[in-house]
Amino acid sequence: DYLYLLRETGWFTLATALKGSGKKNAERIIENIPQEASILIKGVVTGRLNPDIIHDDKQIMKARKICVDAIISLYNECLIELED
């Protein structure tokens, strides 16, 4: 399911959405996507990759909205299931 989300949003949007989120949430996604993308996402979340790019609250909220919209769309298309 996370692979669908990654394909729908892209690694940078997903990484931006994870900025400031709980470590557990980020790890769950990172563990379930291809290693290449997980390395990039880890780098952005920790600030090691593109440290000069500032992710302000507006950008993070926009990325999160994109991810939520993608999740709803993927669910409506029966491509993913949501956990209780």
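Hi everyone, let me start with charge. The protein chain carries 11 positive and 13 negative side chains, and the centres of those two sets sit 7 Å apart. One caution before I go on: what you see above is a predicted model.

Now the overall build. There are 5 helices and 0 strands in the protein chain, so reading from the N terminus you get α-α-α-α-α. The radius of gyration is 12 Å, close to the 12 Å that the globule rule gives for 84 residues, so the chain is as compact as a globular protein of that length. If you prefer dimensions, the C-alpha trace spans about 40 × 25 × 20 Å along its principal axes.

How do the contacts spread along the sequence? Of the contacts in the protein chain with a separation of 6 or more, 77% are between residues 24 or more positions apart. On the outside, the chain exposes about 6000 Å², and 53% of that comes from carbon and sulfur atoms. Buried residues account for 30% of the 84 residues.

Let's go inside. In soluble globular proteins, nonpolar side chains tend to be buried together. Here, the largest nonpolar core has 16 residues, and those with the most contacts inside it are Leu 6, Leu 14, Leu 18, Ile 29, Ile 33 and Ile 41. Which elements give two or more residues to this core? They are helix H1 (2–9), helix H2 (11–18), helix H3 (23–30), helix H4 (35–46) and helix H5 (57–76). The largest share, 4 residues, comes from H2.

So H2 deserves a closer look. Its buried residues are Leu 14, Ala 15, Thr 16, Ala 17 and Leu 18, and what covers them includes H1, H3, H4 and H5. Take Leu 14 as an example: leaving aside neighbours within four places in sequence, Leu 14 is in contact with Leu 5, Leu 6, Thr 9, Ile 29, Ile 41 and Cys 67.

Walk on past the end of H2 and you meet Lys 19, in the loop between H2 and H3. Is Lys 19 buried or exposed? With a relative accessible area of 18%, Lys 19 is buried, because the cut-off for buried is under 20%. Not counting residues up to four places away in sequence, Lys 19 touches Val 44, Val 45, His 55, Ile 60 and Arg 64. You can also find Asp 57 from here: it is 38 residues from Lys 19 along the chain, and their C-alpha atoms are separated by 9.4 Å. Also just after H2, Gly 20 takes a positive phi of about 80°.

Over in helix H4 we have Ser 38. This serine counts as buried, because its relative accessibility is 6%. Beyond the neighbours within four places in sequence, Ser 38 is in contact with Ile 30 and Ile 33. Ile 33 was also among the core residues with the most contacts.

Last stop, the segment after H5, where we find Cys 78. What is unusual to look for in the backbone there? Phi of Cys 78 is near 60°, a positive value in a residue other than glycine. And at 69% relative accessibility, Cys 78 counts as exposed, since the cut-off for exposed is over 50%.

If you rotate the model yourselves, try starting at Leu 14 in the core, then step along to Lys 19 in the loop between H2 and H3. Thanks, and I'm happy to take questions.

Terms used: Residues are numbered from 1 along each chain as its sequence is written. This is a predicted model: local features need pLDDT of at least 70, side-chain atom pairs count only at pLDDT 80 or more; totals for chains, interfaces and linings use all residues. Side-chain values use heavy atoms; hydrogens and water are left out. A nonpolar core is a set of buried Ala, Val, Leu, Ile, Met, Phe, Trp, Tyr and Cys residues joined through side-chain atoms within 4.5 Å. Buried means under 20% relative accessible area, exposed over 50%, partly exposed in between (1.4 Å probe, protein chains only). Contact means heavy atoms within 4.5 Å. The radius of gyration is taken over C-alpha atoms; the globule rule is 2.2 Å times the number of residues to the power 0.38. Accessible areas come from the Shrake-Rupley method with a 1.4 Å probe; for residues, only the protein chains shown count as cover. Lys and Arg count as positive and Asp and Glu as negative; His and the chain ends are not counted. The place of a charge is taken as NZ of Lys, CZ of Arg, CG of Asp or CD of Glu.
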